[in-house]
Amino acid sequence: MATLASLLKNTLVVVAHPDDEVIGCGALMQRMEEVRVVFATDGAPLDQKFWPKYDTREQYASVRKLEACDALAYAEVAQIEYLTSADRPTIPDQELFRHLEAATQSLSSIVQRVSPSALLTLAYEGGHPDHDCCNFLVHHIASQTGVPAWEMPLYHLAPLGMARQSFRETDDTELMLDPSFNEYKTKQLMMAAYSSQADLLMTFSSPSERFRPLFADRYDYFHPPHARQLNYESWGFPMTGADVCSAFADFLHVRLTADRRSA
């Protein structure tokens, strides 16, 4: 039976954007013996409408990186890394599904180097395409390496509106952490360090954090997380759940073909 103790040694936290880690596991990180955080993207989309207060996308990405350093200092995070792409030092926000092969190679290299005891990532819930891609990547890496994988929820579009910090479907493998007073105060300081995301972060009010093992057969990545409209589709993002799943299928097809040729 998995317990939260499984995540308290040398866990590699793999999230999509700077601030995801604080929302999902800001309290848990304070209990970990050794914490490393990997950001799959730099948190800055290509579209200028997402960073109107900044002169360039690069400036916005730099601000988010500095905020991450300030926030994670409260949890004494040992290492912060970003996944890389063949043509970019970092991957832009919303673009991870277009860089799955490069991201996998980058993450595999980090896992091989740090030898984590567990991987912790975001749930496959249709909240944001980068979140779903992180789940897919960690699932794939875990299946290749045997490192136990875990997931945590951030947000998804439910029938009655936005649901935050709760799994879309619950089961008896779910574990909840209720932080102490000091842990919650520290988590609030971590969230406050992300001043560029203040409007978004103020909507996450639950002190509790939820986790569960990411089993090999939990998700079917050939299909979106659910049949209804996904959250990022409701936001008018330029990609659909079908587009993201098509990218997953293409990645797996290329990998399977390569494995057969080398066999």
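**Exercise 1. Which residues do ring pairs link into a cluster?**

Step 1. Fix the rule. Rings of Phe, Tyr and Trp (its six-membered ring) pair if their centres lie within 6.5 Å; planes under 30 degrees apart count as stacked, over 60 as edge-to-face and the rest as tilted.

Step 2. Name the members. The cluster joins Phe50, Tyr155, Phe204, Tyr232, Trp235 and Phe237.

Step 3. Know the model. It is predicted: local features need pLDDT of at least 70, side-chain atom pairs count only at pLDDT 80 or more, and totals for chains, interfaces and linings use all residues. Residues are numbered from 1 along each chain as its sequence is written, and side-chain values use heavy atoms, with hydrogens and water left out.

**Exercise 2. Find the charges that sit over rings.**

Step 1. Apply the cut-offs. NZ of Lys or CZ of Arg must be within 6 Å of the ring centre and within 35 degrees of the ring normal.

Step 2. Look at phenylalanine 204. Arginine 164 lies over its face, 5.8 Å from the ring centre.

Step 3. Look at phenylalanine 167. Arginine 212 puts its charged end over this ring, at 4.0 Å from the centre.

**Exercise 3. Classify the pair of phenylalanine 136 and tyrosine 221.**

Step 1. Start from the total. The structure holds 15 aromatic pairs.

Step 2. Read the geometry. The ring centres of phenylalanine 136 and tyrosine 221 are 5.3 Å apart and the planes stand at 80°, so this pair is edge-to-face.

Step 3. Place both residues. Phenylalanine 136 is in helix H4, and tyrosine 221 is in the loop between strand S9 (209–213) and helix H7 (231–234), so the pair ties together parts 85 residues apart in sequence. Helices (H or I, at least four residues) and strands (E, at least two) are DSSP runs, numbered from the N terminus.

Step 4. Check the cover. Buried means under 20% relative accessible area, exposed over 50%, partly exposed in between (1.4 Å probe, protein chains only). Phenylalanine 136 is buried, at 3%. Tyrosine 221 also counts as buried, at 7%.

**Exercise 4. Describe helix H4.**

Step 1. Give its span. H4 covers residues 129–145, 17 residues in all. From first C-alpha to last it reaches 24 Å, close to the expected 24 Å. The expected span is 1.5 Å times one less than the number of residues.

Step 2. Judge its cover. In H4, 14 of 17 residues are buried.

Step 3. See what follows. Glycine 146 comes after H4, with a positive phi near 85°.

**Exercise 5. What is the strand order of the open sheet of seven strands?**

Step 1. Recall pairing. Two strands pair if DSSP finds at least two bridges between them.

Step 2. State the order. The order is S3-S2-S1-S4-S5-S9-S8, with mixed pairing.

Step 3. Find the edges. Strand S3 (79–82) and S8 each have a single partner strand, so one side of each lacks a neighbour in the sheet.

Step 4. Follow S4. S1 (residues 10–15) and S4 (residues 118–122) pair in the parallel sense over three bridges. Valine 13 has leucine 120 in S4 as its bridge partner.

Step 5. Add the helix. H4 packs on the sheet, touching S1, S4 and strand S5 (149–152), where contact means heavy atoms within 4.5 Å. The direction of H4 makes about 160° with that of S4. Axes are lines fitted to C-alpha atoms, for helices over the stretch in contact, and angles run from 0 to 180 degrees between N-to-C directions.

Step 6. Finish with S4 itself. Five of its five residues are buried.
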